Amino acid sequence: TERTTATDDGHLIGAIEQLGRALRRGIGESLRSVRATAPLAQVTTASLPALRAYSAASRDVNLGEPIRAIALAKNALTLDTAFANAWSVLYVAYANMGQIELQDEAAVRLYALRDRLSEHQALRAAADYHGLRGERVEEEAAWRQLYDENADFANYANMLLERRRFAEAEVVQRKGIEVEKGKAVGYWNLVEAQLAQQHFSAAETTVARARAKLPGATLTYQAAMAVPLAKRDVAAAESLYNSSAFSTFKAQRPDYGCSMALQQARLKESRRCSLVRGHSDMLFALADFRYTGDSVRARQVYQPFLSKSATERSLDDYAMMIALVAEAGALKDAKSLLNEFRARTKGVHPTYRADSALAVGSIAAAEGQWDRAATAFLAWNTDPMPSSYHPYNRGLPEAAAVLKRAGKSDSAVTLLEHALTVSSAAGGDEYEATWYSQALQQLGDAYAERGDRTKAADSYTKYIELMKNADTPIASQVKAVREKLLSVTGEPGPATKQVGKPR
């Protein structure tokens, strides 16, 4: 037993260091080794308030509260600008929010301060840095070394998920939740790996375990929501979201309600969500445009972005914004933005490597270059995903749409069928709002043309069920699909809501 007394808060970290050195000598570590270890204040911080802020931030990011974690980590950095661990929290929080530009900045700052980290933390910083630079071999080597040392299971699993190595990710994260107890992100990663393989029963078991072990963690609620959404059962997800057990989560995360409203084409409701979501998420605007073809409304969304100077535009927004601008018909503006995107990122920034193929494909599609567009969209599907948002089927529906326009219907159907064989937990519901309902119509039509009435009826029925509460602008589309269902089955399908007559 060793004991020491700190005279005040300012001497607490020094007292802890003194105790640690004494204990290490007591259990037989050599004096040379103990003296060679960097002082505790050097590898953490000499500021106790900064350490407290960091500790709270680390807890919040592990529980799935990135916004609170960011505020606390920034406070820690205000108190100690060289506090490397605080940059580590910012990196994880930004990654979990899909903010690649800020995530990259945090990774660079953390890597520069890696000499102020423990051996494991420095290795983690190197892995993150190599990952964002696209140095895949070096990144995996670092994560694997940490895994072999029983550390950082969640980050290694996340890398495997990014690379669509789902079975491996599941094995790693199963071990991780046994070793890194109390980490909600571990349960989330395991659920994501299981849902990507459409192992829904296994995912439900994992969710139940997570909610029992960590009942207050936001990520456990998100994991529970992810299961019905991965099954593409929006009605079941909405029922769960509106249940009394999820009342706190609903208040914290109204964006889930917004996403489900959008998927069901309840456009008036989803359009009121802009203040909740923030205008940087172009998926909502793109989905809205694909439902309605309203180029005037689309222009209202993208015009503020065009009005900014280049340095005011977030790198994270370019690709999705270019897709919206191109699809809405402003081809000249779309090309100008793509050139600017290339120039600002020099073609190597993580945001460009991740999503520029979407921008290229959207412009090619607007120009009627179908094969070039399809190639670009398929490249987007395989491009790296540098944040924790993993829509695994991205690009496939866009490629299918242009192939259909090129008269290659069979190839389009094959791609859509492939898109439906994988489910995405993180960001999947938002992305699927941009294509899923249209895909159901297209598949229904293709199966009907082939004379496969059973598959046609299944696709049409799923569409009608999904869109039964759609707003009036989409009601005519639902009516047309209902008539198609009637033609292949003789049955009208699920009832839709009754739209009131004009007064």
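**Local geometry and packing of selected helices and loops**

Arginine 232 is buried, its relative accessible area being 15%, where buried denotes under 20% relative accessible area, exposed over 50%, and partly exposed in between, for a 1.4 Å probe and protein chains only. The structure is a predicted model, in which local features need pLDDT of at least 70 and side-chain atom pairs count only at pLDDT 80 or more, while totals for chains, interfaces and linings use all residues. Residues are numbered from 1 along each chain as its sequence is written, and side-chain values use heavy atoms, with hydrogens and water left out.

Arginine 232 lies in the loop between helix 14 and helix 15 (234–241), helices being DSSP runs of H or I with at least four residues, numbered from the N terminus. Just after helix 14, arginine 232 adopts a positive phi of about 65°, although the residue is other than glycine. For the 13 residues of helix 14 (residues 218–230), a rise of 1.5 Å a residue predicts a span of 18 Å, and the end C-alpha atoms are 18 Å apart, which agrees; the expected span is 1.5 Å times one less than the number of residues. Because 13 of the 13 residues of helix 14 are buried, this helix is largely enclosed by the rest of the structure.

A positive phi, of about 55°, is also found at lysine 346, which is not a glycine. Lysine 346 is placed in the loop between helix 23 (331–345) and helix 24 (350–366) and is exposed, with a relative accessible area of 68%.

Glutamine 264, in the loop between helix 17 (254–263) and helix 18 (267–271), counts as buried at 6% relative accessibility. Its side chain forms a polar contact with the side chain of glutamate 238 at 3.1 Å, a polar contact being a pair of N or O atoms within 3.5 Å, of which, within protein, one must be able to donate a hydrogen and the other to accept it, with residues adjacent in sequence counting only if both atoms are side-chain atoms. Once neighbours within four places in sequence are set aside, the residues in contact with glutamine 264 are Val234, Glu238, Tyr291, Leu466, Met467, Asn469 and Ala470, contact meaning heavy atoms within 4.5 Å.

Helix 10 (residues 153–162) packs with helix 11 (residues 166–179) at an angle of about 165°, the axes lying 8 Å apart. The two helices, helix 10 and helix 11, are therefore roughly antiparallel, a term applied to angles over 145 degrees. Among the residues making this contact are Phe153, Tyr156 and Leu160 of helix 10 and Phe166, Val172 and Val179 of helix 11.

How values were computed: Axes fitted to C-alpha atoms, helices over the stretch in contact; angles between N-to-C directions. Parallel < 35°, antiparallel > 145°, perpendicular 65-115°, else oblique.
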